[in-house]
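The following exercises concern aromatic rings, charges over rings, and pockets. Each task is followed by a worked solution.

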Amino acid sequence: MKNGVSPSVLYLEKLPNPPKLLIDFLCQKFLHISRDVWQERFKSNQVLDDKHQPLPVSTPYEYGRCIYYYRQLSTEMPVPFAHQVLFENQDILVVDKPHFLAVSPAGQHVQQTLLTRLKNHTGNTHLSPLHRLDKDTAGLILISKNPASRHLYHALFAHETIKKTYHAIAPYREWLPASLCLHLERGEPFYTMRVNPDKPANTCTNIRLLDRRGKWAKYELTPTTGKLHQLRVHLSHLGIPIKNDPYYPKVCHRQAGDFSSPLQLLAKTLSFIDPVTGEMFCFESALSLQW
């Protein structure tokens, strides 16, 4: 790791007209990164072979091999909110994640991610999230510490033997279905999801009203599936989009550094029987939503 970031892996595929040098291929594949930046990465030992040895800038392109490289951003907006580790044993971490903090490095987020923070703090290169939690969503996430037991925890999600509940603030609606099942697929823009009424349901969410204050209500949402943006799309489909949602029903990007209107969605509880110890665990987020 470098500053809590593990290297990304890239397979060199067979191309009809392969470039002579590896750096030429990298410039063609990552058009948003200049040649000067790649040259600097080679010089600073940030491009490695499959044995994690630094590669020189003169390295030829050879299909069939894997290389590793470190991602970095020239500028990255700090997220001024702290995470909290609620539980830890030899296999897992249970973490309370704040709004606006991405879980894993991707896109414009490398250092300002939960995984990088945790790796920096623990020195454990093997940390890996066991399920998805949107950058905009706060609350509980389960992190694997041990590759040897990771498959046992993945099985909890695959077999739906882990229960997750969420809280959301959204407009009050007098009548709601007890459960909503829809087919979700990639939308436009590509990072959003949409409902396809012509296909069989691939997502399902149980819905319960918890409280009401004027035109707003707090709902408990219990998903039995785990598609991207599932809860956000489901409530938007019902005509009650979650408060401060920047994507649904309409994409409205925030200004960089604007932390004033967090999405009012919280991963509130996690409960499961630990597949290693046999203990029954029930965790609850210490965070709360804003009416």
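**Exercise 1.** State which residues ring pairs link into a cluster in this predicted model, and classify the pair of Phe87 and Phe281.

*Solution.* Step 1: ring pairs join Phe87, Phe272, Phe281 and Phe283 into a cluster. Step 2: the ring centres of Phe87 and Phe281 are 4.9 Å apart, and their planes stand at 55°. Step 3: planes under 30 degrees apart would count as stacked and planes over 60 as edge-to-face, so the pair of Phe87 and Phe281 is tilted. Step 4: Phe87 belongs to strand β4 and Phe281 to strand β15 (residues 280–284), so that the pair links distant parts of the chain, 194 residues apart. Step 5: Phe87 has a relative accessible area of 22% and is partly exposed, whereas Phe281, at 8%, is buried.

**Exercise 2.** Determine how many aromatic pairs a search of the whole structure finds, and describe the pair of Phe81 and Phe100.

*Solution.* Step 1: the search of the whole structure yields 15 aromatic pairs. Step 2: Phe81 and Phe100 form one that is stacked, with 6.0 Å from centre to centre and 25° between the planes. Step 3: this pair also links distant parts of the chain, 19 residues apart. Phe81 is in the loop between β3 (66–69) and β4 (84–88), and Phe100 is in the loop between β5 (92–97) and α3 (114–122). Step 4: buried means under 20% relative accessible area; Phe100 therefore counts as buried at 7%, while Phe81 is partly exposed at 32%.

**Exercise 3.** Identify which charged ends sit over the rings of Trp38 and Trp216.

*Solution.* Step 1: over the ring of Trp38 sits the charged end of Arg41, 4.7 Å from the ring centre. Step 2: over the ring of Trp216 sits the charged end of Lys243, 5.1 Å from the ring centre.

**Exercise 4.** Describe the largest pocket and the second largest pocket by volume and lining.

*Solution.* Step 1: the largest pocket holds about 1,600 Å³ of space. Its lining comprises 45 residues, with Ala106, Gly107, Gln108, His109 and Lys135 nearest the centre. By class, 21 are nonpolar, 13 polar and eleven charged.

Step 2: the second largest pocket holds about 490 Å³. Of its 23 lining residues, Lys164, Tyr166, Pro223, Thr225 and Gly226 lie nearest the centre. At least two lining residues come from each of β8 (163–171), β13 (216–223) and α5 (230–237). By class, this lining has eight nonpolar, eight polar and seven charged residues.

Technical notes. Residues numbered from 1 in each chain as written. Predicted model: local features only at pLDDT ≥ 70, side-chain atom pairs only at ≥ 80, totals over all residues. Heavy atoms only, no water. Phe/Tyr/Trp six-rings, centres within 6.5 Å; stacked < 30°, edge-to-face > 60°. Helix = DSSP H or I, 4+ residues; strand = E, 2+ residues; numbered from the N terminus. Buried < 20%, exposed > 50% of the residue type's maximum accessible area, 1.4 Å probe, protein only. Lys NZ or Arg CZ within 6 Å of the ring centre and 35° of its normal. 1 Å grid on protein atoms, 1.4 Å probe; cavity = no way out; pocket = protein on both sides within 12 Å on 5 of 7 lines; lining within 4 Å. Points joined across faces, edges and corners; volume = space filled by probe spheres on them. Nonpolar A, V, L, I, M, F, W, Y, C, P; charged D, E, K, R; others polar.
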